[in-house]
Amino acid sequence: MGKEIERKFLIKEAEWNSFAKPEGKHLRQGYLVNDPNKTIRVRTTEIAAWITIKGISTGASRLEYEYEIPLKEGLELLDQFAESELEKIRYEIPHEGKIWEVDVFSGDNAGLIVAEIELKFEEENFQLPAWVAEEVTHEKKYYNSCLTIHPYKSWT
């Protein structure tokens with residue numbers, strides 16, 4: 001059974017902006033099913049696509065199944081069946097033996113930057129990079145699925 005254990009954090013913008021980053025990947029992400037108890041999403045980069053099924057979150061954990069699919073089919077699913085979608089640039093940053101995924105959102109979510117770390121178990125210890133600020137793991141408004149319905153620009 002697939003299980004995702006993920007924690008989310010906001011970033012310190014000044015520290016992030018001055019940090020030397022690798023090249024990011026442009027992601028287009030849409031939801032075929034966007035329900036509080038389950039989501040089915042399609043994500044594409046310039047060269048690949050995935051379909052992901054996620055269950056309801058319990059703490060920082062939830063069931064997750066992800067499969068690579070042909071890019072052409074991923075784009076067709078987004079174009080024909082996505083109820084909602086978003087775009088972002090993802091940076092993968094190694095830090096103290098872990099990979100941090102930092103998403104810089106665009107479009108209706110421009111201005112929002114969220115850092116995520118996947119863990120092996122919920123109580124796992126890890127070091128925060130200098131550019132990480134407060135944790136928002138349990139704030140649903142930061143879930144990508146929620147951002148497609150209630151985008152960051154509507155919060156203010």
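In the next few minutes I will go through two pockets and one buried lysine in this structure, which is a predicted model.

Let me begin with the largest pocket, which holds about 390 Å³ of space. Its lining is made up of 24 residues, and those closest to the pocket centre are Arg-41, Arg-43, Glu-66, Arg-90 and Glu-101. If you follow the lining along the chain, the elements that give two or more residues to it include the strands β1 (3–11), β2 (25–35) and β3 (38–44), and also α3 (144–147). The element that gives the most is β2, with four residues. As for the character of this lining, it has 15 charged residues, together with five polar and four nonpolar ones.

The second largest pocket has a volume of about 240 Å³. Here 17 residues form the lining, and Asp-35, Pro-36, Tyr-143, Ser-145 and Cys-146 are the ones that lie nearest the centre. Two or more lining residues come from each of β2, β3, β4 and α3. By class, the lining of this second pocket divides into seven polar, five nonpolar and five charged residues.

Let me finish with a single side chain, Lys-98, which lies in strand β7, the stretch covering residues 98–105. Is Lys-98 buried or exposed? Its relative accessibility is 16%, and because the cut-off for buried is under 20%, Lys-98 counts as buried. Leaving aside residues up to four places away in sequence, Lys-98 touches Ile-93, Ile-117 and Leu-119, and also the two glutamates Glu-118 and Glu-124.

Notes
Residues are numbered from 1 along each chain as its sequence is written. This is a predicted model: local features need pLDDT of at least 70, side-chain atom pairs count only at pLDDT 80 or more; totals for chains, interfaces and linings use all residues. Side-chain values use heavy atoms; hydrogens and water are left out. On a 1 Å grid over the protein atoms alone, a cavity is a set of points where a 1.4 Å probe fits but cannot get out, and a pocket is an open set with protein on both sides within 12 Å along at least five of seven lines; lining residues have an atom within 4 Å of a point. Grid points are joined across faces, edges and corners, and a volume is the space filled by probe spheres set on the points. Ala, Val, Leu, Ile, Met, Phe, Trp, Tyr, Cys and Pro count as nonpolar, Asp, Glu, Lys and Arg as charged, and the others, Gly among them, as polar. Buried means under 20% relative accessible area, exposed over 50%, partly exposed in between (1.4 Å probe, protein chains only). Contact means heavy atoms within 4.5 Å.
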